[in-house]
Amino acid sequence: MKRLAPVALLAVLLTVAPAAAAPPEDTLAAAERAFAEGVGSRADAETARPAFARAAAAYDDLWARGHHNPELALNRSRAHRLAGSLPRAVAALHDGLAVARFSRPLQVELEDARAGVLYPLEGELAAQGKPVPVRTVSTRLSALDTWLLSGLMWLVACGSAARFVATRRAAWLAWATVGLCGLGALAALWVQDARARGRAESLPLLVVAEDVHLRKGNAAEYPPRIEPALPRGAEVRELSRRGGWVQVQLPGGTAGWLPEPAVLPCGR
């Protein structure tokens, strides 16, 4: 399991450190020492996991103090996962993606973490519970990348149109058409993705912290909405809260109730 170089991460933390906060050097150094201790004890899980847990706690402290950047999010996730807390690893990745939506390392790490969630191979929960990976223009290109690509297409269209006027050659007209069509397609895809993302993100994201049944009502006496129990690390969207329970929606659309202690907020 890779981790970031401490010097590079420290530079990022110092850049974004709030003026009123304590210097992050000691906390970061403690996290790195604990992580290194865990790596050195990987053959002994009883020794390694507590060390990784200490590293994760230190990274969490830095995040809570406002040091929000993708490098720290990646370190948080890896430390939590090696400590045995897959749900907190998934939540940390979503925290990072809320800050850096187009971070490819975070996207790849999230796909890998999702693969570790123990969904059944078939049945209703397998169909309803697994998040569907989104692979669209807006997940591959940042806003800056899109503007640059749009500008290039516009230049191709305008330059080709100018050459067609000067030479009357049909090939230049074809290139102008290609540029305009590409520009229109990119704009349409970007707007469509933005609308879909806005609808999805209008509901807070939660991660299931422990194996728990999705129930038909907000009490343990209600029967399960779906079988078997939701696995730890599953991702759901919050609909409402009542009486210590939270109503959630699975990626496939099924809704039900979970006890509040069984879920972790993320994407903050």
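## A buried pair: Asp95 and Arg76

Asp95 and Arg76 are both buried in this predicted model. They also form a salt bridge, with the closest N and O atoms 3.1 Å apart. Asp95 sits in helix α5 (residues 86–99) and Arg76 in helix α4, so this pair ties together parts that are 19 residues apart in sequence.

Arg76 has a second partner: its side chain meets that of Asp60 in a salt bridge of 2.8 Å, N to O. Here the link runs from helix α4 to Asp60 in helix α3, so parts 16 residues apart in sequence are tied together. The relative accessibility of Arg76 is 9%, which is under the 20% limit, so Arg76 counts as buried. Asp60, with a relative accessible area of 21%, is partly exposed.

## A link across the sequence

A search of the whole structure turns up 9 salt bridges. One of them is formed by the side chains of Glu235 and Arg114, at 2.7 Å from N to O. Glu235 belongs to strand β2 and Arg114 to helix α6 (residues 104–115), so this pair joins parts that are 121 residues apart in sequence. Glu235 is buried, with a relative accessible area of 6%, whereas Arg114 is partly exposed at 21%. Returning to the earlier pairs, salt bridges with shared partners connect Asp60, Arg76 and Asp95 into one network.

## Helix α4 up close

Helix α4 covers residues 70–82, and its 13 residues should span 18 Å at 1.5 Å a residue; the end C-alpha atoms are 18 Å apart, which agrees. Of those 13 residues, 10 are buried, so the helix is largely enclosed by the rest of the structure. Besides Arg76, the buried residues include Leu72, Leu74, Asn75, Arg78 and His80.

Both ends of the helix are worth a look. At the N-terminal end, Asn69 acts as a cap, with a side-chain oxygen 3.3 Å from the backbone nitrogen of Glu71. After the helix comes Gly84, which has a positive phi, near 100°.

## Arg49 on helix α3

Gly84 also turns up among the contacts of Arg49, a residue of helix α3 (residues 45–64). Leaving aside neighbours within four places in sequence, Arg49 touches Leu82, Ala83 and Gly84. At 46% relative accessibility, Arg49 counts as partly exposed. Its C-alpha lies 9.5 Å from that of Val39, a residue 10 places away in sequence.

## Arg215, buried without a salt bridge

Where does Arg215 lie? Its place is in the loop between β1 (205–208) and β2 (235–242). Arg215 is buried yet has no salt bridge, and Glu227, the nearest side chain of opposite charge, is 7.1 Å away.

What surrounds Arg215, then, beyond its neighbours within four places in sequence? Its contacts are Ala220, Tyr222, Pro223, Pro224, Arg225, Trp245, Gly256 and Trp257.

## The cysteines

A disulfide is a covalent bond between the sulfur atoms of two cysteines. In this model the count comes to 0 disulfides. If you are thinking about individual cysteines, Cys158 is partly exposed, at 34% relative accessibility. Cys266 is buried, with a relative accessible area of 8%.

Note on methods
Residues numbered from 1 in each chain as written. Predicted model: local features only at pLDDT ≥ 70, side-chain atom pairs only at ≥ 80, totals over all residues. Heavy atoms only, no water. Helix = DSSP H or I, 4+ residues; strand = E, 2+ residues; numbered from the N terminus. Expected span 1.5 Å × (residues − 1). Buried < 20%, exposed > 50% of the residue type's maximum accessible area, 1.4 Å probe, protein only. Polar contact = N/O pair within 3.5 Å; in protein donor to acceptor, adjacent residues only side chain to side chain. Lys, Arg positive; Asp, Glu negative; His and termini not counted. Salt bridge = Lys/Arg side-chain N within 4 Å of Asp/Glu carboxyl O. Contact = heavy atoms within 4.5 Å. Disulfide = S-S within 2.5 Å.
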